[in-house]
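I opened this entry to keep track of what I looked up in the structure, going from one sheet to one helix and then to the chain as a whole. What can be read from the coordinates, and where should I hold back?

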Amino acid sequence: MRTISICVIILASACTDCSSPPATEGEAPAPARRASLAQGEPAHAAPAAPALPPTPADPAPPAAAGEPAPAANAAAPGPVPIQVQIPGEEGPLTEWILERAAKVPETISGLSRERQQELHVDVDGLIFACNHHLKAYPANERRAEVATIFAEVLSMNRSRHLNQVFNEYKEATGNSIPIEEQILAKEDFVNRVFGAIDAAPKRPSPDPLLARRLLVRGETLQFSNQYREAVECYRKAIAEGLSAAREERAYYAIADAQRLGSDYSEARKTAQEFLARRSTSRHRPEMIYLEHQTYRFDGLIEEGIAHWLRYRSELEAGAAGKALPGVVLDGKPFVPPDDVCARYRSVAQRLHFYLGFYAFAKGDFEGAKGALHKFLGAAEEAVGAKQRAPETNVYVEFQALPYLATLDGLCGNEAPAVDLGDKWLRQAEESPAQPVRLLLFCGVHEAKARHERLVEALAKMSTEFEAEDLSITWVAGARDERRQPLEEQAAEFRAIVEKVGFDGAFGFDVGQEKQTYNAYMVNEGTTNLFAIDREGKVAWHVIDPMHWDEKLIRAVIQRLQGPSP
């Protein structure tokens, strides 16, 4: 039997998956490490076929069966290249694709490193094989299935593919890829997925294969920040007839797209309906977390506390690998599978953190400290049991410990003075009124790269509230003048202030030991927001706030302003 051989070089220990539990709010998931694949057209001639998207790697001729990998691949860093042989004849190739696709799990959560590496090989081989099949055998009766598989594995590979593109750009130029090039690479990848979807012939509706392609189209639209269009696509996929597992994935994706599109009330409604009806779903832990996010982003503090208390017993049972309270499947108490228990652990380990987070927002300092100490204690126990979720490490180091430092050393005490000397670019006007004050610590480059929409939200607040009710000050840490003159930094600061319409006081904290940053125990390079009450005392602190925290910030402001007269 004629075969085609491709060389897969695995340089990654793990790949990302869109269905894994979310990381800290406001923090992007860590990108997958680079995985390189030599892909290309088969060595033999192929019949003419409709245009299809290229495979997501620079074309390179595959090695003939039994021959060593090309020298370029052999010289690549990492483990020894893995040869994957693919049938070159139509019938065997079709069966190879269908059999290999059936073995690809829907999610990689909980898989061992070795199985993840095997999955890289499976996905990369399928991408090459499907692309070749659709070009070489356009009249094949299984074309709809092959095109569907092609779209699915392309979509599964998106993080690895884009990360490879970005790394290759850096290796070629020595610089990080510009945002414009990132956007073009993302658009190119999206077009490749859509090309794979559109390669399938039409079939009578309802069509389970069309449903699967619509699910991938929805995920790709969501990846492109087209959230309403994604929701519509997911609903069409459900109507066409998804499998039970994919239908649950689609419902979670609907809620997630609604959340990302800032339609928090609809996302909450979708999440609540899902949780009420699907007690054994593998997506249940993520949906519990997603519902919490809608309370946070809508500024519903008491409801957020009630949410975590409502699901506390379920989260703790799932995290411990025990039967979920009151859930029966086939007449037996339902115990989630091991990989779902890992998801429960990831969410459950945040429970006390968020009880502390919400208590802090409502002004209950002692309640916040107690919950955060419980969180840290449980996180330490999880280390001993070798069950601490990777996301928990972020909460410990970059959230809980800094919050406790603020609660112990600043909250309830008179706020340290903000004295920038001659480095004010605009000072606050003197006023006999004692407004609630917001104090933002955010570097100019951090604002431009990540927090511009947050500053826009703060600027909007400053114009909506009367000056005697709210005052906002923005302090940026000045960079070393050997890297960039202060005059240039000041020009950039003024430019972004003007762009977003910020009318509060702003200026630089300078020097190796930044006086105001140190007084508020803030590390340079991080973004922090403090609220100071009418008595001049530190009343609240949020780390790495984002534009979606606008309603939460407003809720705290209104609490500190007191009831309307």
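**The sheet and its helix**

I began with strand β7 (residues 436-441) and strand β8 (residues 470-477), and found that they pair in the parallel sense over six bridges. To fix the register I looked for the partner of Leu 439, which stands opposite Thr 473 in β8. I then checked what lies on the sheet, and noted that helix α18 (residues 444-464) packs there, touching β7, β8, β9 (505-509) and β10 (528-532). The direction of α18 makes about 170° with that of β8.

Next I traced the sheet these strands belong to, which is an open one of six strands in the order β6-β9-β8-β7-β10-β11, with mixed pairing. I marked β6 (424-426) and β11 (538-543) as the edge strands, since each pairs on one side only. Neighbouring strands of this sheet are turned by 20° against each other on average, if direction is ignored.

**Helix α4**

I turned to helix α4 (residues 143-156), whose 14 residues reach 20 Å from the first C-alpha to the last, close to the 20 Å expected at 1.5 Å a residue. Is α4 enclosed or open? I noted that twelve of its 14 residues are buried, so the helix is largely enclosed by the rest of the structure. Among the buried residues I listed Arg 143, Glu 152, Thr 148 and Ser 155, together with Val 146, Ile 149, Phe 150 and Leu 154. When I asked what covers the buried residues of α4, I found that the cover includes α2 (90-102), α3 (113-136), α5 (158-173), α6 (179-198), α7 (208-223) and α9 (244-260).

**The whole chain, and how far to trust it**

I counted 21 helices and eleven strands in the protein, and noted that buried residues make up 53% of its 565 residues. Of the contacts with a separation of 6 or more, 71% are between residues 24 or more positions apart. The accessible surface comes to about 25700 Å², of which 51% belongs to carbon and sulfur atoms.

I have to keep in mind that this is a predicted model, with an average pLDDT of 85 and with 84% of the residues scoring at least 70. I flagged residues 9-24, where pLDDT stays under 50 although the model has 71 contacts beyond four places in sequence for them. I also flagged residues 26-80, where the pLDDT is below 50 and the model shows 132 contacts beyond near neighbours in sequence. Where pLDDT is low, the predicted coordinates should not be read in detail.

Definitions and conventions
Residues are numbered from 1 along each chain as its sequence is written. This is a predicted model: local features need pLDDT of at least 70, side-chain atom pairs count only at pLDDT 80 or more; totals for chains, interfaces and linings use all residues. Side-chain values use heavy atoms; hydrogens and water are left out. pLDDT is the predictor's confidence in each residue, from 0 to 100. Contact means heavy atoms within 4.5 Å. Helices (H or I, at least four residues) and strands (E, at least two) are DSSP runs, numbered from the N terminus. Buried means under 20% relative accessible area, exposed over 50%, partly exposed in between (1.4 Å probe, protein chains only). Accessible areas come from the Shrake-Rupley method with a 1.4 Å probe; for residues, only the protein chains shown count as cover. The expected span of a helix is 1.5 Å times one less than its number of residues. Two strands pair if DSSP finds at least two bridges between them. Axes are lines fitted to C-alpha atoms, for helices over the stretch in contact, and angles run from 0 to 180 degrees between N-to-C directions.
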